[in-house]
Amino acid sequence: MEKSDLRNELDKLKAISLAVIKEAGSTAELEKARVELLGRKSELALRLKGLGKLPADKRPEAGAELNAVREAVTSALDDKLSAIREKELNEKLENELFDITLPGRETGMGHGHPVVSVMDELIGIFTGLGFQVVEGPEVETDEYNFKMLNFPDDHPARDMQDTFYVQNGARLLRTHTSPVQIHAMQNIKPPFAVIAPGRVFRLDSDVTHSPVFNQLEGFYVDRDVNFGHLKGTLELFVHRLYGEDTKLRFRPSFFPFTEPSAELDISCVLCGAKGCRLCKGTGWMEILGAGMIDPNVFTSVGLNPEEWTGFAFGFGIERIAMLKYGIDDIRLLYENDPRFLRQF
Ligand code: FA5
C-alpha cells in the first residue's frame, strides 16, 4: 500500500514536472523550471533528503524510484534546452536576414610614403651598380660626426644653432650620413663601395628645410680612384633616375672631408633647362655634394692615404622626392595628411 502510494505520488510529480518543462518557451523560463524541479528546495530534493527517515528496508527501493524520476526530469530538461536553443537560433537567423547580393566594403590598397618610395628607388639604382648598403647610428659623437671627418674645431656646423646636442653635449644627433664613412672604413677592408641611407637632424625649419630629413651617402674606396670614376657613377645614377637626356654640371665647392669638392647640378627636370619657377629661371637644379675623400679622413681611420683613394657623395632624399613629384613645401611630407599622401 505504502509502496504504491509513493509510486503514485512520484508518477504525479513526474507528470507535473514534464508538463512544466513542456510549457517553458525560452532558455530563461527553462532555467526557472530547472531550479523549481531539481533545486535544493524542490519536492524531489526534499524527498531525497527524507530518505534517511524511512525504515532501512524501504530505503533502496524508494531511493531507486526517486532517482528514476530525477533522471527523467533531467533528461527532459536537456532535451528541451536543445530544442529551445535551436528554435532561438532559427528565429535569430530568420530575423537577421541579410542581403548577400550587397557589394562588400572596399579596403583601400596601402602604398609607400613618397620619401620611402624614392629611397627604395635610389637604393635599387646603387645596389644595381654594385654598392652595398650599410647603416650607422643616429646618435653620434663629435668624433665621428665632425672630428674624424676633418671638421676644424671652430667650424660653424658644430654650433648649438645648427646641431642637436644630447646628454649635456656628450652626444649629438648626426647632422649628416657622412659619419657612416668612418664606421665603414673602420669595419670593412677596402676596396669597397657603400651606400648609407638614413635619418639626419639639424636645427633647421622652413619650406625646403626640415629638422629631421633623410640623406643618402655613397662612397667608394680603392686604389687609384679618380674624379672620372665619381663623374661616371653620378652620371649613370642621374640618367637612371631622371632619364638619359638629363644634363650634369659640376661646380667647385667645399666640404671638410673631400678635396677637391663639388656640387652637382642637373638640367631642370620640369622645364628641360629653359628656365622656370622650380629652377628659379636658371635651367639648373642643385642635387648633391661630392668630392674625393680627403687624405686626412683616411689618416683618421688608420688607412694609408698614399695607398688608398676614394670618392664620396651625399644628398637629401626629400629634395629628390620634391623634384620628382613637384612638391614645393617639405613640411607636407611630414604632416601625414591622408589627402596629400593619397596622391602618390
Ligand atoms: C652634407 O650633408 C654632406 N655630408 C654631403 C656630402 C657627402 C658631400 C659626401 C660630399 C661628400 P649638405 O649640408 O650640403 O652636405 O647637405 C646635403 C643635402 O641635404 C642638401 O643638398 C639638401 O638637399 C639636404 N638638406 C640639408 N639640410 C636639409 C634640411 N634641413 N631639410 C631637408 N634637406 C636638407
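**A ligand and the strands around it**

In this predicted model, a nitrogen atom of the ligand lies 2.9 Å from a polar backbone atom of serine 210, and this contact is a convenient place to begin reading the structure. A nitrogen atom of the ligand is also found 2.9 Å from an N or O atom in the side chain of serine 178, so that one serine takes part through its backbone and the other through its side chain, where a polar contact is understood as a pair of N or O atoms within 3.5 Å. An oxygen atom of the ligand, in turn, is 3.0 Å from an N or O atom in the side chain of glutamine 215. With these contacts in mind, one can turn to how the ligand is covered: on its own it has 680 Å² of accessible area, and the protein covers 88% of this.

The shell around the ligand consists of 22 residues, and the closest of them are His176, Ser178, Arg202, Ser210 and Gln215. Sorted by class, this shell holds 10 polar residues, seven nonpolar residues and five charged residues.

Which strands supply at least two residues each of the shell around the ligand? They are strand E6, which covers residues 212–222, strand E9, which covers 284–293, and strand E10, which covers 309–316. The largest share comes from E10, with four residues.

The same three strands are also connected by pairing. E6 and E10 run antiparallel and are paired over eight bridges, and within this pairing tyrosine 220 has phenylalanine 311 of E10 as its bridge partner. E9 is likewise antiparallel to E10, and four bridges join the two strands; glycine 291, for its part, stands opposite alanine 312 in E10. Why can E10 be described as largely enclosed by the rest of the structure? Six of its eight residues are buried, which here means under 20% relative accessible area, and E10 is therefore largely enclosed.

When looking at strands such as these, it helps to remember that in a regular strand the side chains alternate between the two faces of the sheet.

Elsewhere in the model there is an open sheet of three strands, which has the order E2-E4-E3 and antiparallel pairing. Its edge strands are E2, at residues 139–140, and E3, at residues 165–166, each of which pairs on one side only. E3 is paired in the antiparallel sense with strand E4, residues 171–173, over two bridges, and tyrosine 165 has leucine 172 in E4 as its bridge partner.

Technical notes:
Residues numbered from 1 in each chain as written. Predicted model: local features only at pLDDT ≥ 70, side-chain atom pairs only at ≥ 80, totals over all residues. Heavy atoms only, no water. Near = heavy atom within 4 Å. Polar contact = N/O pair within 3.5 Å; in protein donor to acceptor, adjacent residues only side chain to side chain. Areas by Shrake-Rupley, 256 points an atom, 1.4 Å probe, with all protein chains shown as cover. Nonpolar A, V, L, I, M, F, W, Y, C, P; charged D, E, K, R; others polar. Pairing = 2+ DSSP bridges. Buried < 20%, exposed > 50% of the residue type's maximum accessible area, 1.4 Å probe, protein only.
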